[in-house]
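This report goes through one protein structure for a reader who has not seen it before. It takes up contacts, confidence, salt bridges and helix packing in turn.

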Amino acid sequence: MTLSLDMFDTPVQLLPKPKGLHGITELGPDRLALEPGQQYRFSFNMGACIGCHSCEVACAEQNGLPPEVTWRKVGEVEGGSFPTTKRFHLSLACNHCLEPACLQGCPTGAYTKLDNGIVAHHADDCIGCQYCTWNCPYSVPAFQPDRRIVTKCDMCQPRLESGGTSACVDACPTHAIGIEVVDVAAWRLDHHEADGPNMPPSELTISTTRIILPDDMPLETFAISDHDLKLEHPHWPLVWVTLLTQMAMGAIGSTLLVGVERHGAIVAFLAASIALPASLLHLGRPVMAWKALRGLRRSWLSREVLFFGLLAAATSIAVVAPSTTTAAVAVAMGVAGVYSSGRLYVVPGRPAWNTPLTIWAFLLSGAATGPLLAMTVTGREHPLQLLSAAAMIAQMVVLATNLIRLKNNPAREYRGSYRLITQHCNRLLAARVGLIILGLLLVFNAPAFVAMAVVLVAEGLGRYLFFVTVVPLSTPGGFFTGR
């Protein structure tokens, strides 16, 4: 049998220069100038791709990437019924979106949308918080361990500026990948060609990558990587940071209920003060953490840092000058900080988190643990016992509601999270529920510090499950590489 590349070589059909709806023009060495309202973008012909991964290799070589980091990824999708099943490959890098979620969520301003449409990442401003990866529905930005920052595709801009094209385009033997010029206004009105099989909806960020689907594409497909359901990273520093700041909010709020005392302000100050340095452990570049305050206008991470810093300052003032006013200010900063912390995770790129229930769970965590901490140091019980017990019951309701939400949604990301929680981590889930019930009994029948220890472990398990069982939106991956 003789194989010919002709069977794979299906050239991209390009419309003539700015004519028609999208105004698409092929990019070559002699076509680098952009007219007003235009930008560069990738195109991908799915029917031409043979899955050789040459584009991945060329990208990694061009950008000096370590083996565990990929900017361009080749995935696989299947569809049809036996014996007429079909398998196709999908090669994607950064989509250089019109409304890039990575840029909108970055707290340091490390991303910019250049005049030519490329979404550029500036390494000098990156602190390695990885929030951009959570925000991006395509999970494009990749944490690079050797540099301790996030990195991503820049369409090989230096090559474009010198009259060439991207390394992935040059390396593709079947011409499946190309670079085009597109009219931004027209594409914003109609970007359905950016939607591909088993991909996030293009409307989330208005992806600009144009995907040419083959004529024999089955109506229903699944990603080969769907088999690869695994736990995410637990982010231990974030587990303890969120728990401690929420406990500090609950503790200072409890002292306001039972009468302001210096002891309650002291423990709230200590919890907040320990949480802030602990948060640095999550960053790739802790010494540059101060840059996180740059994005106050758009980033919830920046607002979280601000309000928790103000919480530490307000509780310190409440220690020196305990009064209803100083405690109330501290409570306000704590609530604002915990709300910002919750909003930080309410992003489309992580469907299991993308719900108001996340914010309620964070607030209730503080309301369950904070009063017990205040009871331990002040010796006051009423009405703190009732507040903590009510918060624990409400937390159980939030947990059950979220599980029902995940179970009833047929999307892979929702059902995947439900499966991870109830099957892979069923013992941890049972332990969390059991500890909450035990905490409800102990809050009225045991020393406060005993109940606090039990409830804190329960909330810690809940926060661990929160991070590891999320199934992110992403593009299809391979059988061995996963998503």
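Two residues are in contact when heavy atoms of theirs lie within 4.5 Å. The model described here is predicted.

**A glycine in a helix**

Gly460 is part of helix H15, which covers residues 448–468. With neighbours within four places in sequence left aside, Gly460 is in contact with Val239 and Leu243. Gly460 has a relative accessibility of 13% and therefore counts as buried, since buried means under 20% relative accessible area. Between the C-alpha atoms of Gly460 and Leu372 there are 15 Å, and the two residues are 88 residues apart along the chain.

**Confidence**

The average pLDDT of the protein chain is 89, and 92% of the residues score at least 70. Residues 1–27 have a pLDDT below 50; this stretch has 56 contacts in the model beyond near neighbours in sequence.

**Salt bridges**

Side chains of opposite charge can pair when their charged atoms come close. The count for this model is 11 salt bridges. Three of them are listed here, each with its N to O distance.

| Residue | Partner | Distance, N to O |
|---|---|---|
| Glu78 | Arg87 | 2.5 Å |
| Lys86 | Asp216 | 3.3 Å |
| Arg188 | Glu99 | 2.9 Å |

In the pair of Glu78 and Arg87, Glu78 has a relative accessible area of 21% and is partly exposed. Arg87 is partly exposed as well, at 44% relative accessibility.

Lys86 forms its salt bridge with Asp216. Lys86 lies in strand S4 (residues 86–92), while Asp216 is in the loop between strand S10 (210–212) and strand S11 (221–223), so this pair ties together parts that are 130 residues apart in sequence. Lys86 is partly exposed at 34% relative accessibility, and Asp216 is partly exposed with a relative accessible area of 38%.

The salt bridge between Arg188 and Glu99 also links distant parts of the chain: Arg188 belongs to helix H6 (residues 184–189), Glu99 sits in the loop between S4 and helix H2 (101–105), and the two are 89 residues apart. Arg188 has a relative accessible area of 36% and is partly exposed; Glu99, at 32% relative accessibility, counts as partly exposed. Elsewhere, Arg41, Glu180, Glu193 and Arg210 are joined into one network by salt bridges that share partners.

**Helix packing**

Two packed helices are described by the angle between their axes and the distance between the axes. How do H7 and H8 run relative to each other, roughly parallel or roughly antiparallel? The axes of helix H7 (residues 236–258) and helix H8 (residues 262–279) cross at roughly 160 degrees and come within 8 Å. Angles over 145 degrees count as roughly antiparallel, so H7 and H8 are roughly antiparallel to each other. Their crossing is left-handed. Residues of H7 that take part in the meeting include Val241, Leu244, Ala248 and Ile252, and those of H8 include Ala268, Ala271, Ala272 and Ile274.

H8 also packs with helix H11 (residues 356–378), and the axes come within 9 Å and cross at roughly 130 degrees. That angle makes H8 oblique to H11. The crossing of H8 and H11 is right-handed. Here His263, Gly264 and Val267 of H8 meet Leu373, Val377 and Thr378 of H11. Gly264 is also among the H8 residues that meet H7.

Technical notes: Residues are numbered from 1 along each chain as its sequence is written. This is a predicted model: local features need pLDDT of at least 70, side-chain atom pairs count only at pLDDT 80 or more; totals for chains, interfaces and linings use all residues. Side-chain values use heavy atoms; hydrogens and water are left out. pLDDT is the predictor's confidence in each residue, from 0 to 100. A salt bridge is a side-chain nitrogen of Lys or Arg within 4 Å of a carboxyl oxygen of Asp or Glu. Buried means under 20% relative accessible area, exposed over 50%, partly exposed in between (1.4 Å probe, protein chains only). Helices (H or I, at least four residues) and strands (E, at least two) are DSSP runs, numbered from the N terminus. Axes are lines fitted to C-alpha atoms, for helices over the stretch in contact, and angles run from 0 to 180 degrees between N-to-C directions. Angles under 35 degrees count as roughly parallel, over 145 as roughly antiparallel, 65 to 115 as roughly perpendicular and the rest as oblique. A crossing is left-handed if the near helix is turned anticlockwise from the far one by less than a right angle, and right-handed if clockwise.
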